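Visitor: I should be grateful for a close look at a single part of this model, with an explanation of how that part fits into its surroundings.

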Amino acid sequence: MALILMLLAPGAVGLWLVTGGRALAPATARVVALVAAAIGGGAAVVASVMRPVIDRAWITDLGVRWHFEIDGISAPLIVLTAVIGILVVGHAWVERPWESPGAGSAATYLGSLLLVITGALAAFAARDAVLFFIAFEVVLVPMWVLIGRYGDPHSAAKRADASARFILYTAIGSTLMLVGILLLVARAGTADLGALPRAAAGLGSGEQVLIALLLTIGLAVKVPVFPLHTWLPAAHTTAPTAGSVLLAAVLLKLGTYGLVRLPVATVPDGFGRIAPVLAIAGAIGVIWGGLICLVERDLKRLIAFSSVAHMGFVVLALTSGSEIGLQAALLGNIAHGVISALLFVIVGGLKQRWGSVDLAVVRPALREVSPRLGFALVLGLAAGLGLPGLAGFWGEFLALVAAWNPVHHTGILRTCAVIAAVGAALAAAYALRVARIVWVGDEVTADAVDQAADTRGIELAVIATLAVAVVAIGVGPFLVLDVTADAVATLVGGAR
Amino acid sequence: MSALWVSSLLVLIPVLAALLTLGLRRTPHLAARVASGAAIVSVVVGIIGMAVAPTRNQRTAQPSDTFHVGDLEMPLALGSGPTTAAVAAIVALVAAVVLVFTQWYLDDDDRLAQFAATVSLFTAAMMLVVHARDLVLTLIGWEVMGWCSYLLIGHWSRKESARRAAYKSFIVTRVADIGFVLGIVGLSAGAGSTGLDAVVSHWTGEGGAVPEPWTRSVLLALVVIGVLGKSAQFPFQDWLPDAMEGPTPASALIHAATMVAAGTVVLAQLFPVLVLADGARWLLGIAVAMTMVGAAALALGQSDLKRLLAWSTVSQVAIMLSALATATEAIGPDPGLFHLWSHAIFKSLLFLTIGWLSVVAGSTLAMALRGSGHVHQLALVAWLFGLLALAGAPFVVGGLSKEHVIVTAYEGAIGSGGPGVVVLAALLVTVVLTAAYATRAYLVVAAPDGERSVSTRSHAVGDETAAHELDETAVLEEQHDHSGMPSAPVLASLALLTVLTVVGGLVMLTGLFNLHRASMWWMLLTALLIGIGAGVVWLARGYGDPRNAFVRTVRQRTLADNGFGFDTAYRRLVAGPVLWLARIVEFLDREVVDGYVRGAAASAGIAGWLTDRGHRREAPSAGVGLVALGLIVAAGTAVLTWR
């Protein structure tokens, strides 16, 4: 019941908003969307606790089933998606992208948000490989609409480029993944994610490597892993704030979640073979993202590149193949979701106030003119550089521990751990670079105050929720680790 | 109250105080008072902690639920011990004194509450490092301290110099922390646990399997690199003098009892492993030997007395660490920790005194501070005893502890293969230099200067008696007149620190530090060396500032004030190349990595055009062509592999 409600409420309302209810007045549409997101979110939280199961036959010829179930690995992600869903819809009171020229209606915008959330929730809950793929694809089109029609109002060409790049890139990734899934399902004879690991264990090593390769490349686009990341900065810079938040906090998580569910769980031997390459790509991503952040001028792009760096840690943890590694990856995933959501809300707010977020332009220091927003920004930056007591630290620390003692390829992974640790110092350098430019500065005259009014009302509520989550995960990482522990142990145990 | 309760309380009280203070930021004076009140409670708890401290060889880690992440155990336990209790008490005392001083010093600052909250959090982090029996907790405290120091140094963020100093301090220490983090990761991963006891027993080979000595040395060396960064040792030393941009109370806290001393605490905790890791000891020994001499020489040449104190800290911390680098297993880490203890007392005294004098003189430049000591009898006495301790004069607290360090280095030099000889030589040179710059600092401040008319107020009565009432009377009256006279609680704190500087060595009688007898011969020798250093400067007093006798040309002065130009070296050798690399990477990302994407987009466009030709209908969007192609490939593969 909770599962059905979780998918049906935002899904149905979202569909209605983009079709029948397109002409709905913004004020009404917002309330409708918020109610739908809240019902869906509430149901998602209930479902994560109760863990109900839906299992119906669907395409019997292919053995594909309509199978939803939540376990320890997906529960934190479902809760994250539900909370982010409510926050992004609530954020429609703060930023109204439908008002810019050339954009569609408010209802379409809100409907697209709801559809992205529905797709993500379905993907996290799906226990059937083909169903997972379909849910995964459902997310793309509404996201494309969000970027293409409601993105940066300054440049239509940039919007078109970013949205086309997004759809093209992720569609290629999805296609490769689909090939991998079909190959896997066909060879193993089942599409049930629970049964796949055992069924796929008998595959030959060549086949395992091929399947792992297809699945990993396909999903690596979504994560994104260096060098498949270039769609991300463009998409983030152009997307409206809510779109950026969804991208960072939900879509990227689909990639890592998919990596855990598909190649790591089902073809561990094949994945083990390609793990060193992936680890190196992850470590390069950490350095690459960090270096670009040192010179990037656009703050939104900078946060996007920092995402590439953080996801590098997550990928590195995954490739270790150990239980700590998986735990670190899942925790790092959640932490990055919360931190980058916080940063994008703040930076989106700044862009709205300032018109652009070019770091080369001298602006009044946030610490002086809008202390609350400044505090939140510094909190987000501190979390991003991995300050203990905030969300980012645990995932990165455990990722390094995992990479130090991996199951295979100790030498390569230790080298990658060293590189990633250097990247953590780069994170400090760029985070404080942003703080030095945006947060602190000379005292300014009173007339500059209007340019950056302090955050209040709904924006403050959204920021505060995310900030509390950042601190909560940082102080009590075992809130997440305990939920994932058993499922991870089964997953790694089943693989051996 | 058991010792473990004390350790939990000492960590928790400042955390709660920080939160409460931040919550009260709209009433800054009340907030600062709350923070000081909590800090004074911490002092009381710390003193109780010294009384109930467990004796040596008692296992004192908290029995707690061990957390597991995969195969990794995380006990996340706090613990206590005799030296832990003593160090914690002095940290609590310095924090309390600093907060009391802050209320007077930053009375009219609009961010007083934020400052007090940060100081409290900083103290909590240091307490966590001191009491941690788990390397993850150590790392947490370590990093949080770094962050708080960033906030404190950059407190006056309207000044570009303060912003730069804060940035520099965090980045330099964070770069060194690459080593620290990797060292901790390696040590924990090897032991399968982050618990200190498990790590130590694994890497000392107690647990059965003897670890590879090479790995052990490398991991410890990585930890040592982190320590060198946080403790401002060569080659990371240059952030500390710049950190003088922070308000003086922040400097007192960072220098006396927390940040720079944390490395000593951590290495003392890991001492059983360190003593076996020869490579790490050599690294530590060479780095601190270079630092202590170089920093002492720089201190002599500074034109700013606050920076003189900063360099003296660098040199003194090197002395603490040198005890750890040279100590044999039998001597243990306690001489180093004892020097930490005494340094905390006299360095906080010196910093707070110069904070007071700088308010009087309006600057921390030696030129401006000339003769400023005559503002108050207490100022002059405090400055004199602080400097005596710094120079290591016999019987005051700094002298006693330095004596133990020298004996430790001597034992190390004759007893084991470590870097003892090098360190011992450096120590003896440093003793001379330290006496020289301490004498200079005294001569400048105490100069009988007729030109300056310093208003001496008749406020000196009863300061010594007030000292004893400090703990009970948390009554902090609002007596701020910024003509240069501190409030009564500040004077009381200074008096208390002065008394402790004289009699603090009595802590040896409590047996909390495990110290061996100092030798009479070494004491005589050091007294002689101090006499030489002080005498040379004394002879040069005719120059006005005795420094002018040693640092004659403008060029030499600039070199000294710039710390031998290390800032330029950091910029040219590290920051420059990294930024250069960053620009290259950005170019590659835009033109090469993204190039194939644009290529793909172009080919999709061509595909779309072809499809368009074929269908003669509306143009499909760029991606659809490729998606269709992909689906055909997918379907084909599926069909081919279907059985």
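Guide: The following account begins with one helix of chain A and then turns to its surroundings.

This is a predicted model, in which local features need pLDDT of at least 70, side-chain atom pairs count only at pLDDT 80 or more, and totals for chains, interfaces and linings use all residues. Residues are numbered from 1 along each chain as its sequence is written, while chains are lettered from A and ligands numbered from 1 in the order in which they are written.

The part chosen is helix α10 of chain A, residues 231–238. Helices (H or I, at least four residues) and strands (E, at least two) are DSSP runs, numbered from the N terminus. A residue is called buried if 20 or more other C-beta atoms lie within 10 Å of its own, exposed if 12 or fewer, and partly exposed in between, with C-beta atoms placed from the backbone. Because eight of the eight residues of α10(A) are buried, this helix is largely enclosed by the rest of the structure. The buried residues include Trp231(A), Leu232(A), Pro233(A) and His236(A). Among the elements that cover them are α6 (140–150), α7 (156–188), α11 (241–266) and α13 (299–319) of chain A; here and below, two residues are in contact if their C-beta atoms, placed from the backbone, lie within 7 Å.

The domains of chain A give the wider setting. Chain A is divided into domain 1 (1–266) and domain 2 (274–496), with bounds that come from an automatic or database domain assignment. The C-alpha centres of these two domains lie 22 Å apart. In the contact between them, 39 residues of domain 1 of chain A meet 46 residues of domain 2 of chain A. On the domain 1 side, α3 (75–90), α9 (205–222), α10 and α11 of chain A each supply at least two residues. The most come from α11(A), with twelve residues. By class, the domain 1 side has 26 nonpolar, ten polar and three charged residues. Ala, Val, Leu, Ile, Met, Phe, Trp, Tyr, Cys and Pro count as nonpolar, Asp, Glu, Lys and Arg as charged, and the others, Gly among them, as polar.

One of the helices covering α10(A), namely α7(A), leads on to the second chain. The contact between the chains takes 49 residues from chain A and 53 residues from chain B. On the side of chain A, α7(A) gives the most, with 14 residues. That side divides into 36 nonpolar, six polar and seven charged residues. Helix α12 (268–295) of chain A also gives two or more residues to it, and Ile292(A) lies in this helix. Ile292(A) is buried, with 27 other C-beta atoms within 10 Å. Not counting residues up to four places away in sequence, Ile292(A) touches Phe305(A), Ala582(B), Val585(B), Glu586(B) and Asp589(B).

Finally, the confidence of the prediction deserves attention. The predictor gives the complex an ipTM of 0.90 and a pTM of 0.88. For chain B, the mean pLDDT (the predictor's confidence in each residue, from 0 to 100) is 81, and 88% of its residues reach 70 or more. Over residues 451–482 of chain B, however, pLDDT stays under 50. Where pLDDT is low, the predicted coordinates should not be read in detail.
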